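Colleague: I'd like a close look at one part of this model, and I'd be glad if you could work outward from there.

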2 protein chains.
Amino acid sequence: MAKNVLIIGAGGIAQVTAHKIAQNASEFGALHIASRTQSKADDIIASLRAKGHQAEFTSHPLDAMDTAAVAALIRKLGIDIVINVGSAFVNMTVLEGCIETGAAYIDTAIHEDPAKVCETPPWYGNYEWKRREAAEKAGVTAILGAGFDPGVVNAYARLAEDEYFDTVRSIDIVDINAGSHGRYFATNFDPEINFREFTGTVYSWQKGAWQENKMFEVGREWDLPVVGKQTAYLSGHDEVHSLSARYPQADVRFWMGFGAHYINVFTVLQSLGLLSEQPVKTAEGLEVVPLKVVKAVLPDPASLAPDYTGKTCIGDVVKGTKDGKPGEVFIYNVADHKEAFEEVGSQGISYTAGVPPVAAAILVARGTWDVKKMANVEELPARPFLELLGELGLPTRVIDATGDHPI
Amino acid sequence: MAKNVLIIGAGGIAQVTAHKIAQNASEFGALHIASRTQSKADDIIASLRAKGHQAEFTSHPLDAMDTAAVAALIRKLGIDIVINVGSAFVNMTVLEGCIETGAAYIDTAIHEDPAKVCETPPWYGNYEWKRREAAEKAGVTAILGAGFDPGVVNAYARLAEDEYFDTVRSIDIVDINAGSHGRYFATNFDPEINFREFTGTVYSWQKGAWQENKMFEVGREWDLPVVGKQTAYLSGHDEVHSLSARYPQADVRFWMGFGAHYINVFTVLQSLGLLSEQPVKTAEGLEVVPLKVVKAVLPDPASLAPDYTGKTCIGDVVKGTKDGKPGEVFIYNVADHKEAFEEVGSQGISYTAGVPPVAAAILVARGTWDVKKMANVEELPARPFLELLGELGLPTRVIDATGDHPI
């Protein structure tokens with residue numbers, strides 16, 4: 001029987017996810033989208049209609065921080081698969097709503113407590129994996145971090161394991177956005193979540209242990225297909241915290257590209273204390289969280305899409321050994337901001353994050369990934385996911401001993 | 001009869017003014033200090049006691065935005081001279097309290113409407129000069145802008161007029177703070193007032209008309225005594241708006257020194273909209289003025305004093321003609337941050353701003369400046385003011401055809 005789908009969230013990523021779900025409506029049953037602000041969900045449905053999608057899509061108001069409300073909506077609508085692309089603050093309440101009702105759960109980013117920044121590693125151990133037993137006991141499929149990074153890059157690592165190496169020695173995930181939005185400064189997704197990635201300790205997994213660095217402390221130039229030579233910095237990121245569990249013998253690092261201007265603005269804001277999530281008091285006695293004010297003055301990430309040009313290149317440099325011989329592969333995707341906007345009305349960063357959970361949902365609906373337990377993406381078969389992503393607009397290429405070619 | 005003095009304000013400049021008043025208590029009668037937050041006035045009195053000053057000094061709570069409250073306090077205490085070193089937002093309510101009661105009025109900075117930034121020139125015409133007739137009718141001495149700049153630099157221009165030139169052709173006021181507070185970033189006085197100086201149009205008076213530039217658009221290197229070669233930028237400042245009325249035939253420009261780091265931080269904050277005094281709304285619906293949040297995260301200017309080292313150099317490059325021959329003089333003062341802190345517990349910027357109104361008050365008390373009308377500093381005899389300032393710790397030097405020497 002066709003599976004009913006509920007998208008939770010109505011931001012830039014939800015926009016992409018909804019379009020891809022609509023493009024693949026024949027894979028699913030009834031389609032729903034819920035958001036704290038129902039009108040934002042309605043706007044997304046209107047954008048589907050503008051692209052000519054006929055499939056029925058229904059909006060609902062939902063406070064996703066309320067597990068009982070999530071469970072009630074799932075039951076009322078008979079939802080089989082929840083795609084959670086809302087704020088990272090709602091992951092656990094939505095997951096618990098799924099465990100309670102038996103619906104499958106898919107998200108694209110790790111859970112965050114709004115009051116905490118950069119908790120102790122592995123991050124998945126603080127929230128998600130504590131619900132692992134409960135998910136398995138309930139027979140609930142819960143796929144964690146099925147965006148691009150985390151998500152597709154985890155599948156790249158698994159592909160390297162499956163098809164290239166006996167032993168994986170290192171995984172360097174490199175995320176370069178060589179696009180331009182033409183604004184003085186903007187973040188590509190919610191500034192509150194975006195900056196939180198960089199204000200805390202940078203954790204990497206090296207030589208079998210957690211290593212700690214500061215943001216922008218370790219930089220390295222990478223020479224990549226299409227985007228060319230780019231400087232990327234060792235950064236904290238979700239996937240390091242799950243890949244290190246599957247590949248404890250490997251070094252697992254995440255590198256994010258930043259231009260000098262971005263680093264300068266970030267450094268000024270952070271040095272002044274304006275990226276703090278701890279409230280300050282104005283001279284007039286008003287309690288304000290500086291980061292929320294920075295968010296209020298920055299462009300809405302969704303507003304960047306129409307003017308965004310250029311490409312992203314995200315991939316995994318994986319080193320390992322096969323039959324005792326060392327080797328290296330680069331498995332990657334190149335996406336184009338303008339093409340993303342023309343197809344789904346979003347910029348490339350949202351596109352790369354919003355398409356993969358649809359691939360995951362299709363694989364759950366088809367049964368390929370309906371594992372009835374909690375899983376990070378690297379624990380699931382990689383090739384069906386990557387091949388499906390190729391059909392959905394995110395083709396995978398690989399540079400190996402034979403050259404640069406599609407997988 | 002000895003004149004009773006009331007200081008309004010209890011910030012960094014008030015601290016200096018109170019210490020200098022206490023050092024010169026014999027010039028006055030009863031000494032009072034009033035602030036919205038009485039405890040801040042009490043802290044200043046405690047710091048006087050710590051320096052061994054015996055003179056009676058009494059604190060009062062006062063909402064200086066309330067003319068009736070100002071007038072009532074003046075009457076109750078029998079005040080003859082009000083030194084207003086509170087926020088620039090209270091100037092007109094305090095001035096009106098003085099006009100109503102007959103007390104002399106002295107301030108150190110132009111009036112500002114909290115809701116407006118950078119009004120049309122001449123700025124004094126928007127508020128102060130509209131009360132000129134009322135002051136004269138009431139026989140009230142009202143001395144405007146008697147800090148360092150505006151204030152002492154206006155007297156420097158007058159000294160050049162009195163002692164060097166038949167006709168003044170140009171006045172370039174150069175303000176260099178070559179000191180270091182050792183913090184990542186800080187403003188030397190209230191950030192809200194400080195940034196307002198730079199966010200609007202830069203008005204200068206050139207070729208008989210108001211010229212408009214943007215901040216940091218026009219920079220120039222100056223080679224000055226003690227502080228050496230320094231880059232200063234054409235900036236908007238109070239004194240240009242009164243000196244241009246007395247010297248309409250001269251070019252009147254104000255130059256403020258900034259390092260590359262200051263300009264970078266300022267540019268980032270301004271470009272992002274974080275220096276705006278217009279409220280923004282956070283995602284949670286809280287209305288916040290970004291500039292007030294920036295102020296809240298920056299160091300309290302008063303807290304910089306203990307670590308402040310280095311010197312300031314502020315002066316006027318005046319060009320003119322005497323008996324048909326062109327000439328140039330540089331009239332200036334050099335102040336030392338550390339010496340200021342040791343003497344009065346404040347940094348050099350507060351020191352240079354807080355001492356001159358005391359010289360003005362002494363001259364009013366002695367009668368020399370008790371002109372019974374409103375006057376900008378350049379309309380008053382310059383030499384007695386500058387000689388008194390020399391005694392009070394701000395000696396004037398001049399570089400003229402004969403070399404570099406005291407006035």
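What covers the buried residues of α14(A)?

Modeller: The cover includes α1, α6, α12 (348–354) and α13 of chain A. Before I go on, some ground rules. This is a predicted model, so local features need pLDDT of at least 70 and side-chain atom pairs count only at pLDDT 80 or more, while totals for chains, interfaces and linings use all residues, and side-chain values use heavy atoms, with hydrogens and water left out. Residues are numbered from 1 along each chain as its sequence is written, with chains lettered from A and ligands numbered from 1 in the order in which they are written. Helices (H or I, at least four residues) and strands (E, at least two) are DSSP runs, numbered from the N terminus. Contact means heavy atoms within 4.5 Å.

Now the helix. Its buried residues are A382(A), F385(A), L386(A), L388(A), L389(A) and L392(A). They span an arc of only 160 degrees around the axis, so they sit on the same side of α14(A). That arc is taken from the directions running from the helix axis to the C-beta atoms. Buried here means under 20% relative accessible area, exposed means over 50%, and partly exposed is in between (1.4 Å probe, protein chains only). Just after α14(A) comes G393(A), with a positive phi near 115 degrees.

F385(A) deserves a second look. Together with F385(B), it has the most contacts inside the largest nonpolar core, which has 219 residues. Such a core is a set of buried Ala, Val, Leu, Ile, Met, Phe, Trp, Tyr and Cys residues joined through side-chain atoms within 4.5 Å. Leaving out residues up to four places away in sequence, F385(B) touches a list that includes G151(B), V152(B), A155(B), P356(B), L363(B) and W369(B).

Two of the covering helices also turn up in salt bridges, meaning a side-chain nitrogen of Lys or Arg within 4 Å of a carboxyl oxygen of Asp or Glu. R383(A) and E163(A) form one, at 2.6 Å from N to O. R383(A) is in helix α14 (residues 382–392) and E163(A) in helix α6 (residues 152–163), so this bridge ties together parts 220 residues apart in sequence. Both ends are partly exposed: R383(A) at 27% relative accessibility and E163(A) at 34%.

Helix α13 has a bridge of its own, where E27(A) and R366(A) meet at 2.8 Å, N to O. E27(A) is in the loop between α1 (12–23) and β2 (28–35), R366(A) is in α13 (residues 356–366), and the two are 339 residues apart. E27(A) is partly exposed at 24%, and so is R366(A) at 47%.

Those two are among 38 salt bridges over all chains. Another joins K292(A) and E192(A), with the closest N and O atoms 2.8 Å apart. K292(A) is in α10 (residues 290–297) and E192(A) in α7 (residues 191–199), so this pair ties parts 100 residues apart in sequence. K292(A) is partly exposed at 21%, whereas E192(A) is buried at 8%. Through shared partners, D190(A), E192(A), K292(A), K295(A) and E284(B) form one network.

α12(A) has a neighbour worth noting too. T312(A), in strand β15 (residues 311–322) of chain A, is buried at 1% relative accessibility, and its contacts include I349(A) and T352(A).

The loop before α6(A) has its own quirk: P150(A) is in the stretch between β6 (142–144) and α6 of chain A, and the peptide bond from D149(A) to P150(A) is cis, with omega near 10 degrees. P121(A) and P122(A) are also joined by a cis peptide bond, with omega about -10 degrees.

Finally, zooming out: chain A can be laid on chain B with an RMSD of 0.0 Å by a turn of 180 degrees and a shift of 0.0 Å along the axis. That is the relation of a two-fold axis. The superposition is by least squares on C-alpha atoms of residues with pLDDT of at least 70 in both copies. And 100% of the interface residues of chain A are also interface residues in chain B, so the copies meet through the same surface.
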